[in-house]
Amino acid sequence: LYAFWGGKLADKLAGETDCVIDLASKEYSRAVKPWIPPSVRWITCIFGQLREGKVVEKGTMCKMARGRMVRWMAENRIDRPEAVRAFAELDYRFAEERSGENTYIFLKGDR
């Protein structure tokens, strides 16, 4: 999977954008990310809950949140990477204090 698709998918993406918002599962992200050129910004979105001070991802909820964010981005015509920080659905909110330049963390519930 990775060797066959990676370079082809990465080339296509790099030819169309200078920033990728990664909402794929880790498995599918690994099929593309290693081949993305350094000139393309890669932002990973993580959806989780705090447990004992650590961000823990729950499989089904993460999948739902990733799908909801894709829909939200389309409906709101999001065209800047930083604009995804406004996503606030399924009780997830952007956690600026835990996020970095290329990792956006969204926490569910009380923080």
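Which residues does Cys45 touch, not counting residues up to four places away in sequence? In this predicted model, the partners of Cys45 are Ile21, Asp22, Leu23, Met69, Tyr104 and Phe106. These contacts offer a convenient way into the interior of the chain, but the overall architecture is worth setting out beforehand.

The chain contains 3 helices and 5 strands, arranged from the N terminus in the order α-β-α-β-β-α-β-β. A compact globule of 111 residues would have a radius of gyration near 13 Å, and the 14 Å found for the chain agrees with this. Taken along the principal axes, the box filled by the C-alpha atoms is roughly 40 × 30 × 25 Å. Buried residues make up 32% of the 111 in the chain. The accessible surface amounts to about 7,200 Å², and carbon and sulfur atoms account for 50% of that area. Sequence-distant pairing is also well represented: of the contacts between residues at least 6 apart in sequence, 44% join residues at least 24 apart.

With that outline in place, we can return to the interior. The largest nonpolar core has 16 residues, and those touching the most other members are Cys45, Phe47, Met69, Phe87, Tyr104 and Phe106. Strand 2, helix 3, strand 4 and strand 5 each contribute at least two residues to this core, with helix 3 giving the largest share, 5 residues. Another core, of 7 residues, lies apart from it and includes Val20, Val32, Ile36 and Val40.

Helix 3 therefore deserves a closer look, as the source of the largest share of the 16-residue core, and its geometry can be checked against expectation. At 1.5 Å a residue, the 17 residues of this helix (residues 59–75) should span 24 Å, and the distance of 25 Å between its end C-alpha atoms agrees. Its buried residues are Cys62, Ala65, Arg66, Met69, Trp72 and Met73. Viewed down the helix axis, these buried residues fall within an arc of 130°, so they line one face of helix 3. That arrangement fits a general property: an α-helix has 3.6 residues a turn, so residues three or four places apart point the same way. On the face turned away from the buried side sit the exposed residues Thr60, Lys63, Arg71 and Ala74. The cover over the buried residues of helix 3 includes strand 1 (19–22), strand 2 (41–51), strand 4 (92–94) and strand 5 (103–108).

The loop between helix 3 and strand 4 holds two backbone details of interest. Most residues other than glycine have a negative phi. Arg77, which follows helix 3 and lies in this loop, has instead a positive phi near 50°. With a relative accessibility of 72%, Arg77 counts as exposed. Asp91 is found in the loop between helix 3 and strand 4 as well, and although not a glycine, Asp91 has a positive phi of about 70°. Its relative accessible area of 42% makes Asp91 partly exposed.

A final feature involves helix 1 (residues 2–16), where Gly7 is found. Although Gly7 and Trp35 are 28 residues apart along the chain, their C-alpha atoms are separated by 5.5 Å. Gly7 is partly exposed, and its relative accessible area is 21%; the cut-off for a buried residue is under 20%.

Conventions. Residues are numbered from 1 along each chain as its sequence is written. This is a predicted model: local features need pLDDT of at least 70, side-chain atom pairs count only at pLDDT 80 or more; totals for chains, interfaces and linings use all residues. Side-chain values use heavy atoms; hydrogens and water are left out. Helices (H or I, at least four residues) and strands (E, at least two) are DSSP runs, numbered from the N terminus. The expected span of a helix is 1.5 Å times one less than its number of residues. Buried means under 20% relative accessible area, exposed over 50%, partly exposed in between (1.4 Å probe, protein chains only). The arc is that of the directions from the helix axis to the C-beta atoms. Contact means heavy atoms within 4.5 Å. The radius of gyration is taken over C-alpha atoms; the globule rule is 2.2 Å times the number of residues to the power 0.38. Accessible areas come from the Shrake-Rupley method with a 1.4 Å probe; for residues, only the protein chains shown count as cover. A nonpolar core is a set of buried Ala, Val, Leu, Ile, Met, Phe, Trp, Tyr and Cys residues joined through side-chain atoms within 4.5 Å.
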